[in-house]
Amino acid sequence: LRWDGVPRIQACLSDHFGAEDSAYIQAVSRNLWVGMAARVYRPGCQLDNMIVLEGHQGSGKSKALRIIGGSWFAEAHESVTSRDFFMVQHLRLLVEIAEMDAFSRAEVTKIKQVVSCATDRFRDPYGRTAQDHHRACVFVGSTNELAYLRDGTGGRRFWPVRCGEIRHDLLAQARAQMFAEA
């Protein structure tokens, strides 16, 4: 891709997800896009955070993530404690962990561990031994609730973004240029 020189990634969450335009939202937006580019060019690079899209049910959060990830998008329906979770996210760019509010306190702790891990170790189907797989994806959480961070030690790995009206058409138009910029 060739970037046209127009900055877009800092404003992605405010322009396309209806988030409030603030220095925090701009930083989160930039880190999402740069994190995806970094994981493509340097799989296994350290990425300790994940954004969590907060918004009403049916507002289109998952559809927007599907637009960004394209054919490299996956929804993680498996528990973060299962081997299948790691197999689903392997060779994906953007993995949605939907309904963050549905996770128990123990699973939120496991999600924190998974988010900050740069390499996953699992045995491929029909493989004889477990192998290391450098993480090539970025995780994004989504929730309809505001009470999903049940961690007494804080939620520094989770970057909440309150979504408003999501503009899927404009996101689809700008997607390639945002990847080029990142």
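Reader: How many bridges join S3 to S6, and in which sense do these strands run?

Author: In this predicted model, S3 and S6 run parallel and are joined by four bridges. Within this pairing, Glu 96 of S3 stands opposite Val 140 in S6. On the other pairing of S3, three bridges join S2 to S3, and these strands also run parallel. There, Glu 75 stands opposite Glu 96 in S3.

Reader: In what order do the strands of the sheet lie?

Author: The order is S2-S3-S6-S1-S7, five strands in an open sheet with parallel pairing. Strand S2, residues 73-75, and strand S7, residues 158-162, have a single partner strand each, so one side of each lacks a neighbour in the sheet. On average, neighbouring strands of this sheet are turned by 25 degrees against each other, direction ignored.

Reader: How many bridges pair S1 with S7?

Author: Strand S1, residues 50-54, pairs with S7 over five bridges in the parallel sense. One example is Met 50, whose bridge partner in S7 is Phe 158.

Reader: How should one read the two faces of a strand, and what covers them?

Author: The general idea is that side chains in a regular strand alternate between the two faces of the sheet. In S3, Leu 94 and Glu 96 lie on one side and Val 95 and Ile 97 on the other; all four are buried, and both faces of the strand are covered.

Reader: Which strands does helix H2 lie across?

Author: Helix H2, residues 23-41, lies across S1, S3, S6 and S7, and runs at about 120 degrees to S7. Its buried residues are Ile 25, Val 28, Ser 29, Leu 32, Trp 33, Gly 35, Met 36, Ala 37, Ala 38 and Arg 39.

Reader: How does the expected span of H2 compare with the distance between its end C-alpha atoms?

Author: At 1.5 Å a residue, the 19 residues of H2 should span 27 Å, and the end C-alpha atoms are 27 Å apart, so the two values agree.

Reader: How is the packing of two helices described, and what is the case for H3 and H6?

Author: Two packed helices are described by the angle between their axes and the distance between the axes. The axes of helix H3 (residues 61-69) and helix H6 (residues 168-181) come within 9 Å and cross at roughly 30 degrees. Angles under 35 degrees count as roughly parallel, and H3 and H6 are therefore roughly parallel to each other. The crossing of H3 past H6 is right-handed. On the H3 side, the contact is made by Lys 63, Ala 64, Ile 67, Ile 68 and Gly 69; on the H6 side, by His 168, Leu 171, Ala 172, Arg 175 and Phe 179.

Reader: Which residues of H3 are buried, and what covers them?

Author: Lys 61, Ala 64, Leu 65, Ile 67, Ile 68 and Gly 69 are the buried residues of H3. Their cover includes H2, S1, S2, S3, S6 and H6. Just after H3, Gly 70 takes a positive phi of about 55 degrees.

Reader: Is Arg 135 buried or exposed?

Author: Arg 135 has a relative accessible area of 1%, and buried means under 20%, so Arg 135 is buried. This residue lies in the loop between strand S5 (131-134) and S6. Leaving aside neighbours within four places in sequence, the residues in contact with Arg 135 include Arg 39, Phe 86, Gln 89, Cys 117 and Asp 120.

Reader: How does Arg 162 stand with respect to burial?

Author: Arg 162, in strand S7, is partly exposed, with a relative accessible area of 37%. Leaving aside neighbours within four places in sequence, its contacts are Gly 18, Ala 19, Glu 20, Glu 54, Gly 55, His 56 and Leu 146. The C-alpha atoms of Arg 162 and Thr 143 are separated by 9.8 Å, although the two residues are 19 apart along the chain.

Reader: Where does Gln 10 lie, and which residues does Gln 10 touch?

Author: Gln 10 lies in the segment before helix H1 (12-16) and, at 39% relative accessibility, counts as partly exposed. Not counting residues up to four places away in sequence, Gln 10 touches Ile 25, Gln 26, Ser 29 and Arg 30.

Reader: How many helices and strands does the protein chain have?

Author: The protein chain has six helices and seven strands. Of its 182 residues, 43% count as buried.

Notes: Residues are numbered from 1 along each chain as its sequence is written. This is a predicted model: local features need pLDDT of at least 70, side-chain atom pairs count only at pLDDT 80 or more; totals for chains, interfaces and linings use all residues. Side-chain values use heavy atoms; hydrogens and water are left out. Two strands pair if DSSP finds at least two bridges between them. Axes are lines fitted to C-alpha atoms, for helices over the stretch in contact, and angles run from 0 to 180 degrees between N-to-C directions. Contact means heavy atoms within 4.5 Å. The expected span of a helix is 1.5 Å times one less than its number of residues. Buried means under 20% relative accessible area, exposed over 50%, partly exposed in between (1.4 Å probe, protein chains only). Angles under 35 degrees count as roughly parallel, over 145 as roughly antiparallel, 65 to 115 as roughly perpendicular and the rest as oblique. A crossing is left-handed if the near helix is turned anticlockwise from the far one by less than a right angle, and right-handed if clockwise.
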